[in-house]
Amino acid sequence: MDLNDKIKLAIRWAITAVIVVVVLIILFGSFYVIGVGQVGVIFNQATGRTKSVQSGFSLKLPIIEQLNVFDIRTQRIDITEDCASKDLQLVRMKTVINYHLDYTKVNEIFTKVGRDYTDKIIIPITNEIAKSLVSQYTVENIIVKRAELKDAIEEALRIKLKEYFVVIE
């Protein structure tokens, strides 16, 4: 075997290796699995369109389509707020929210808000509502009317977060 044959053989092996790598990327990038309690949103980078996909095994276009998975099961978030009472006393409040995403609207959540909906929507709205409602009570009434304040915060959160397809439980 002379030098030209060795070069040609090396080139063939290199081309074959590149083709195998490309085929493997395409093959493994084409499949995905959405678990139970999850909804996927596929974003097509070529067209800019999105579509929701339910639980299960499916295919997508590798490189062109990007999969984003959202958990639609009940989630919990603990938020601590520093609020001012009606008599201008500092009140540190801890709010615990159990929520889930409206699975029929996950596509819109991804399009309008993105994946970090907790930091962009839930926490700021909770802080805003807690501060505005706590400011209507004196410190004494916050303790005495705790259940009333809790119900008012919960109802305000339910109404406001519904606009963003987040369901309070």
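**Figure 1. The open sheet E6-E7-E8 of the predicted model.** In this predicted model, three strands form an open sheet in the order E6-E7-E8, and their pairing is antiparallel. Strand E6 (75-84) and strand E8 (166-168) occupy the edges. Each of these edge strands has a single partner strand, so one side of each lacks a neighbour in the sheet. From one strand to the next, the twist averages 45°.

**Figure 2. Pairing of strands E6 and E7.** E6 and E7 run antiparallel and are joined by ten bridges. One residue of this pairing is Asp78, whose bridge partner in E7 is Val96. The two strands form a hairpin with five residues between them. Within the turn of this hairpin, Leu88 has a positive phi of about 60°.

**Figure 3. Pairing of strands E7 and E8.** Strand E7 comprises residues 90-101 and is joined to E8 by three bridges. The two strands run antiparallel. The close-up includes His100, which stands opposite Val167 in E8. E8 is an edge strand of the sheet, with a single partner strand. Strands of a sheet pair through backbone hydrogen bonds, in either a parallel or an antiparallel arrangement.

**Figure 4. Helices H3 and H5 lying across strands of the sheet E6-E7-E8.** Helix H3, formed by residues 117-134, lies across E6, E7 and E8. The helix H3 runs at about 40° to E6. Helix H5, formed by residues 146-162, lies across E7 and E8. The angle at which H5 runs to E8 is about 160°.

**Figure 5. The crossing of helices H3 and H5.** The axes of H3 and H5 come within 10 Å and cross at roughly 140°. The two helices are therefore oblique to each other. The crossing of H3 and H5 is right-handed. By class, the contact of H3 with H5 has 13 nonpolar residues, one polar residue and one charged residue.

**Figure 6. Residues in the contact of H3 with H5.** From H3, the contact involves Ile121, Ile122, Ile125, Thr126, Ile129, Ala130, Leu133 and Val134. These residues meet Leu149, Ala152, Ile153, Ala156, Leu157, Lys160 and Leu161 in H5. Thr126 in H3 is the polar residue of the contact, and Lys160 in H5 is the charged one.

**Figure 7. The open sheet E3-E2-E5.** Three strands form an open sheet in the order E3-E2-E5, with antiparallel pairing. Strand E3 (50-53) and strand E5 (65-71) stand at the edges. Each has a single partner strand, so one side of each is left without a neighbour in the sheet. The twist averages 25° from one strand to the next. In a regular strand the side chains alternate between the two faces of the sheet.

**Figure 8. Pairing of strands E2 and E3.** Strand E2, residues 38-44, is joined to E3 by four bridges, and the two strands run antiparallel. Gly40 has Val53 in E3 as its bridge partner, while Val41 stands opposite Ser52 in E3. The hairpin of E2 and E3 has five residues between the strands. In this hairpin, Gly48 takes a positive phi near 80°.

**Figure 9. The setting of the close-up views within the protein.** The secondary structure comes to five helices and eight strands. Read along the sequence, these elements follow the pattern α-β-β-β-β-β-β-β-α-α-α-α-β. The radius of gyration of the protein is 26 Å, well over the 15 Å that the globule rule gives for 169 residues, so the protein is more spread out than a compact globule. Along the principal axes, the C-alpha trace spans about 95 × 30 × 25 Å.

Notes
Residues are numbered from 1 along each chain as its sequence is written. This is a predicted model: local features need pLDDT of at least 70, side-chain atom pairs count only at pLDDT 80 or more; totals for chains, interfaces and linings use all residues. Side-chain values use heavy atoms; hydrogens and water are left out. Two strands pair if DSSP finds at least two bridges between them. Axes are lines fitted to C-alpha atoms, for helices over the stretch in contact, and angles run from 0 to 180 degrees between N-to-C directions. Contact means heavy atoms within 4.5 Å. Angles under 35 degrees count as roughly parallel, over 145 as roughly antiparallel, 65 to 115 as roughly perpendicular and the rest as oblique. A crossing is left-handed if the near helix is turned anticlockwise from the far one by less than a right angle, and right-handed if clockwise. The radius of gyration is taken over C-alpha atoms; the globule rule is 2.2 Å times the number of residues to the power 0.38.
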